[in-house]
Amino acid sequence: NGHPDAVPEASLNLPRRIDDPTSAAQLARDLLRNRREDITLALYLDDRHRLVGTAILAVGWVQAAHLSARPVLHGSQACRATGFVLVRYRRWGVPSATEPERRSFRTIAVACSRYGLVGVDHLMVVATGDYGSAAQQSSQ
């Protein structure tokens with residue numbers, strides 16, 4: 001049988017495309033709905049914003065605080081992604097990034113861009129259904 005924390009594939013309705021922060025947030029909630037800890041997740045996309053892979057990059061705030069571009073790049077190579085959405089999932093709290101989280105995303109996105117991988121968005125997703133998007137915040 002599978003991993004005890006794995007979400008059964010039959011219960012997932014994975015989108016073919018991630019066209020906006022709402023669809024990315026919904027996917028993250030679907031994938032992580034039974035998790036009790038903070039999770040940092042990468043959603044990998046191709047040039048047409050089709051979902052080509054996912055990867056848990058960090059579990060808990062300590063690992064997230066030390067996150068670098070290396071695991072993001074490694075995961076992208078496995079699924080031949082050209083872009084990624086970095087999702088920080090929390091069980092509770094406010095759906096907005098702290099300044100250190102924003103700095104971390106910018107650093108990771110710059111490092112990944114050197115290898116042709118685009119940081120599409122940085123989402124903060126709360127299990128209650130709330131989410132915040134860096135792309136939406138910067139366009140307001």
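**Helix H3 and its surroundings**

Read along the sequence, this protein runs α-β-β-α-α-β-α-β-β-α. That gives 5 helices and 5 strands. Keep in mind that the model is predicted.

A few totals to begin with. The protein has 140 residues, and 44% of them count as buried. Now take contacts between residues at least 6 apart in sequence. Of these, 63% join residues at least 24 apart.

Here is one pair from distant parts of the chain. Proline 21 and valine 120 are 99 residues apart along the chain. Their C-alpha atoms are separated by 9.9 Å. Proline 21 belongs to helix H1, residues 21-32. Is proline 21 buried or exposed? Its relative accessible area is 15%. The cut-off for buried is under 20%, so proline 21 is buried.

Now the main subject, helix H3. It covers residues 69-79. Which residues of H3 are buried? They are Ala69, Val72, Leu73, Gly75, Ser76 and Cys79. These residues span an arc of only 165° around the axis, so they sit on the same side of H3. Look at the numbering with that in mind. An α-helix has 3.6 residues a turn, so residues three or four places apart point the same way.

Turn H3 around. The face pointing away from the buried side carries exposed residues: Arg70, His74, Gln77 and Ala78.

What do the buried residues of H3 pack against? Three strands, to start with: S1 (39-45), S2 (51-59) and S3 (83-90). Helix H4, residues 99-113, is there too.

Let's stay with H4 for a moment. The axes of H3 and H4 come within 9 Å. They cross at roughly 45°. The two helices are therefore oblique to each other. Their crossing is right-handed. On the H3 side, the contact is made by Ala69, Val72 and Leu73. On the H4 side, Ile108, Ala111 and Cys112 take part.

Next, the two ends of H3. At the start, look at serine 68. One of its side-chain oxygens reaches to within 3.3 Å of the backbone nitrogen of arginine 70. After H3 comes arginine 80. Arginine 80 sits in the loop between H3 and S3. Its phi is near 55°, a positive value in a residue other than glycine. Its relative accessibility is 74%, so arginine 80 counts as exposed.

Histidine 49 also has a positive phi, near 65°, and is not a glycine. Where is histidine 49? In the loop between S1 and S2. At 30% relative accessibility, histidine 49 counts as partly exposed.

Last stop: arginine 90. This residue lies in strand S3. Its relative accessibility is 14%, so arginine 90 counts as buried. What does its side chain meet? A polar atom of that side chain lies 3.0 Å from the backbone oxygen of valine 94. The side chain also makes a polar contact with the side chain of glutamate 101, at 2.6 Å. Leave out residues up to four places away in sequence, and arginine 90 touches Asp38, Ser96, Glu101, Met124, Val125, Val126 and Ala127.

To recap, H3 has buried residues on one side and exposed residues on the face turned away from it. Its buried residues pack against S1, S2, S3 and H4. H3 and H4 cross at roughly 45°. And arginine 90, in S3, counts as buried. Thank you.

Terms used:
Residues numbered from 1 in each chain as written. Predicted model: local features only at pLDDT ≥ 70, side-chain atom pairs only at ≥ 80, totals over all residues. Heavy atoms only, no water. Buried < 20%, exposed > 50% of the residue type's maximum accessible area, 1.4 Å probe, protein only. Helix = DSSP H or I, 4+ residues; strand = E, 2+ residues; numbered from the N terminus. Arc of directions from axis to C-beta. Contact = heavy atoms within 4.5 Å. Polar contact = N/O pair within 3.5 Å; in protein donor to acceptor, adjacent residues only side chain to side chain. Axes fitted to C-alpha atoms, helices over the stretch in contact; angles between N-to-C directions. Parallel < 35°, antiparallel > 145°, perpendicular 65-115°, else oblique. Left-handed = near helix turned anticlockwise from the far one by under 90°.
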